[in-house]
Amino acid sequence: MCGISGAFNPRGLSPDDAALVGQFGQIMRHRGPDDAGLFADARCALGHRRLAIIDLSSDGRQPFSGENGRYQLVFNGEIYNYIELRRELEALGRAFRTKTDTEVLLAALLQWGPDCLDRLNGMFAFALYDSVQNSLFLARDRCGVKPLYYVTVGGTLYFASEIKALLAVPGLSRAVDSQALFDYWVFNRTDIHDETFLSAVRRLPKGCRATADADGLRVATWWDPRRFLREDASQDQDDPEAVAANVEELLVSAATLRMRSDVPVGSCLSGGLDSSILVGILFDRLGANGGYSCFTAAYPGHAVDETAYVDGLNRRYPFVSRRTFPTGEAALDDLPAFVRANDEPTTGPSFYAQYAVMRLAREHGVTVLLDGQGGDENFAGYQYFHGFHLYGLLRRGQLARFGSELFQVLWRRQHLSAVQTLAFQALPGPARKALLLRATPLADPGFFAAHIGKSRIYNEFFAVKNLNESLCAHFRFKLEHLLRMEDRNSMAFSLEARVPYLDYRLVEYLLGVPEALKIRLGETKYLQKKALGRYTTPEILARKDKLGFATPMEDWLAAPAWKRLTRENFRYVREVFPELTPAGAAVPTGAEAAWKINQLAEWHKAFVA
C-alpha cells in the first residue's frame with residue numbers, strides 16, 4: 001500500500017517536473033511513511049511513498065526497475081495471489097530476485113502484457129514507463145479500491161494517488177465541475193465515473209487501463225461487471241445448496257489471500273453481518289487467535305450503538321475488542337483534517353466514524369485492516385433493493401411472486417425506501433424528474449434542469465430492469481464513493497484497508513446467481529445468511545434494524561456549535577455557488593443536508609478558495 005505519482009511528456013519534461021513529483025510524494029507522505037523513491041529521465045518522472053506490508057526489506061523500494069532499466073514501475077495496492085503468479089511465471093522461465101508482489105506484477109506485465117490484468121487478484125493502481133517505446137501504461141483494479149487521478153497541463157500528463165498532490169501543479173485550474181456538484185447535491189453520490197469535483201482533474205475509471213505516448217492518452221475498459229449478468233438469473237434453477245457452498249468457499253479463499261501480510265492485521269467490526277462473518281471465518285477457518293484485534297465505533301446510550309452485538313460475537317470468538325467513541329464535538333474539532341484527508345466532500349457522518357476507527361487501529365499498532373465493504377452490493381443488503389427486486393418481478397409479469405414479496409416487505413415493516421424505490425422505478429421520466437426536484441428543495445430548479453439530463457445516476461443507475469441489474473449498477477456507479485472514503489480514511493493514518501467481499505471471483509459469481517436467492521420472502525441477504533450465517537451469532541443473523549454504519553447524526557448536528565457552523569457555511573455555499581440553491585432558501589434543519597452543506601463549504605475553503 002503506497003502513494004504513487006508521476007509526470008510524463010513524450011516530447012520532454014520541464015526541468016522542474018522531477019522536483020514537482022518529489023513534492024507530490026511529500027504531500028502524500030501519510031500514504032507511505034516507510035520509504036520514498038524517485039526516478040527521472042528526460043521524458044518521465046515517477047515518485048513513490050512506501051507503506052511496507054509484504055517483504056519489509058529494501059527490496060520493496062520503488063520505482064521498481066526491470067529489463068536493465070528499460071521499465072520503471074510504481075505500484076499502489078496489493079496483488080494477493082502474487083505467490084501463485086510467481087510460481088506460474090517461474091515455470092515459464094522468469095527469475096525473481098525479491099519476495100515482493102511488485103516484482104511479480106512487473107514480471108506479469110512483461111510476460112503477458114495488458115492481458116495480465118485478468119490474472120491479478122488484488123487492489124491496485126500502477127504506472128509502467130517504457131523508456132524504449134516512450135510510453136506510459138496506467139491501470140486500476142476492477143472495483144476501484146485503489147485510486148489514480150490525472151491532469152494534463154501544457155502537454156504533460158501528471159498523475160497521483162490523491163487529488164491534493166495534483167494541486168501542486170503550477171497553473172492548474174481550480175474550477176469546480178458542475179455535474180459532480182449536481183450529483184452530490186441531488187443524489188448524494190460522488191466518484192461515479194471519471195469526474196472529480198475539480199473540472200481539470202480526472203479519475204482513471206475503475207476497471208480501466210490507459211496508454212500515454214506521442215499520440216496522446218487512450219483509455220480502455222478491461223473489466224465490466226455487466227459481462228457476468230445472466231439472462232436467466234430471474235429463474236430458480238440453480239441448486240441453493242450448491243450456490244451456498246460455492247459462496248462460502250469463495251469468501252474463505254478471499255479472506256485467506258487477504259491475510260497475507262508481514263505486519264499486524266486486524267478487523268473493522270460493527271454489529272452487522274458483513275464484518276462479523278469475516279471475523280467468524282478468521283477464527284473458525286483460518287486459525288485466528290485471542291490476540292487478534294477488532295475495532296468498533298461505539299455510542300453509549302444511543303439507539304444506533306451496536307456494542308451489544310459486538311459483545312455477543314466476542315463471547316463466541318476471543319478477539320481483543322477495542323473501541324472508539326466518536327462524538328459530535330470530536331467530529332467538529334477534526335473537521336478540517338477530515339475534509340483534507342478525504343480530498344472531496346463525504347456523503348455522511350458515518351465516514352467520520354470510520355476515520356476514528358482507523359485512527360484507533362493505528363494507535364494499537366495494526367497496519368492492515370479487513371473490512372466488510374462490498375457485502376451489501378454482493379448480497380443485496382440495502383433496504384431499497386426490495387424496490388428494484390419488486391420492479392423486476394412486476395416487469396416480468398411474475399405477479400404471484402410480486403404480491404408475495406410486497407406483502408412480506410410490508411408485513412416485516414421494512415424501511416420506507418423499499419416501497420419508494422419501487423414507485424420511483426415505475427414512474428415515467430417527467431414524473432420522476434418532478435418527484436426528484438420536489439424531494440430536493442435545496443436544488444434550484446434551473447440548476448436541476450440544466451444537469452439532470454447529463455447525470456449518469458439518473459440515466460443509468462436508475463435505468464435498470466431488475467435486482468441483478470441494480471446490483472451491477474452499484475458496482476459501476478455507487479460503490480466507488482465508499483471505497484474512496486475508506487482509502488482516504490485508512491491512509492490518513494498510514495493503514496491498509498482490505499475488502500474480501502470484493503474479491504473479483506466472488507463478485508463475478510454472485511452477479512450470475514438467481515435473484516430469488518438474494519431476496520426471499522421480504523428478507524435481504526438471504527443467500528449470505530444461508531451460506532455464511534454459521535460464522536456469526538443468532539442475534540446478528542436475526543437483526544432487522546441494521547441500516548448501514550449509522551451514527552447519532554441528528555444529535556450531533558443539532559448541537560449549537562454545529563448549527564452555528566451550518567448557518568455560516570450555508571451562507572458561504574450560497575456565495576460561491578449562487579446557481580445551486582433557490583433564492584430565499586432557508587438554512588436546512590435536517591442532519592443529512594446540514595452535513596452536505598458543511599462538507600461542501602469546508603472542502604471549497606481547503607481545495608479551491
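## Exercises on a predicted model

Pro63 sits in the loop that runs between strand 3 (44-50) and strand 4 (64-66). Keep that loop in mind for the second exercise; the model you're looking at is a predicted one.

**Exercise 1. Work out how the radius of gyration of the protein compares with the globule rule.**

Start with the inventory: the secondary structure comes to 25 helices and 17 strands. Now take the radius of gyration, which is 24 Å, and set it beside the 25 Å that the globule rule gives for 609 residues; the two are close, so the protein is as compact as a globular protein of that length. Next, look at the extent of the C-alpha trace, which spans about 70 × 60 × 45 Å along the principal axes. Then check burial: 62% of the 609 residues count as buried. Finally, turn to contacts with a separation of 6 or more, where residues 24 or more positions apart account for 75%.

**Exercise 2. Find the residues that a cis peptide bond joins, and the residues with a positive phi that are not glycine.**

Here's the background: most residues other than glycine have a negative phi, and most peptide bonds are trans. Go back to the loop with Pro63. The bond between Gln62 and Pro63 is cis, with omega at about 5 degrees.

For phi, go to the loop between helix 11 and helix 12 (385-395), where you'll find Ala380. Its phi is positive, about 60 degrees. Ala380 has 0% relative accessibility, so it counts as buried. Then move on to Ser494, in the loop between helix 19 (479-491) and strand 17 (496-498). Ser494 has a positive phi too, about 55 degrees. With a relative accessible area of 11%, under the 20% cut-off, Ser494 is buried.

**Exercise 3. Decide whether Asp130 is buried or exposed, and say which side chain it joins in a polar contact.**

First place the residue: Asp130 is in strand 6 (residues 122-130). Its relative accessible area is 7%, so Asp130 is buried. Now list what it touches beyond four places in sequence: Arg70, Tyr71 and Ser135. Pick Arg70 from that list, and you've got the partner, with a polar contact of 2.9 Å between the two side chains.

**Exercise 4. Classify Asn459 and Gly207 by accessibility.**

Begin with Asn459, found in helix 17 (residues 456-461). At 37% relative accessibility, Asn459 counts as partly exposed. Beyond four places in sequence, Asn459 is in contact with Ile452, Gly453 and Lys454. Zoom in on Gly453: its backbone oxygen lies 2.7 Å from a polar atom of the Asn459 side chain.

Gly207 is in the loop between strand 10 (202-203) and strand 11 (208-213). With 0% relative accessibility, Gly207 counts as buried. Its contacts beyond four places in sequence include Arg142, Thr221 and Trp222. Take Arg142: 65 residues along the chain separate it from Gly207, yet their C-alpha atoms are 4.0 Å apart.

**Exercise 5. Explain why helix 20 (residues 504-511) can be called largely enclosed.**

Count the buried positions: Tyr504, Leu506, Val507, Glu508, Leu510 and Leu511. That's six of the eight residues, so the rest of the structure largely encloses helix 20. Last step, find the cover: helix 6 (240-258), helix 11 (375-379), helix 18 (467-477) and helix 21 (526-532) are among the elements over these buried residues.

How values were computed. Residues are numbered from 1 along each chain as its sequence is written. This is a predicted model: local features need pLDDT of at least 70, side-chain atom pairs count only at pLDDT 80 or more; totals for chains, interfaces and linings use all residues. Side-chain values use heavy atoms; hydrogens and water are left out. Helices (H or I, at least four residues) and strands (E, at least two) are DSSP runs, numbered from the N terminus. The radius of gyration is taken over C-alpha atoms; the globule rule is 2.2 Å times the number of residues to the power 0.38. Buried means under 20% relative accessible area, exposed over 50%, partly exposed in between (1.4 Å probe, protein chains only). Contact means heavy atoms within 4.5 Å. A polar contact is a pair of N or O atoms within 3.5 Å; within protein, one must be able to donate a hydrogen and the other to accept it, and residues adjacent in sequence count only if both atoms are side-chain atoms.
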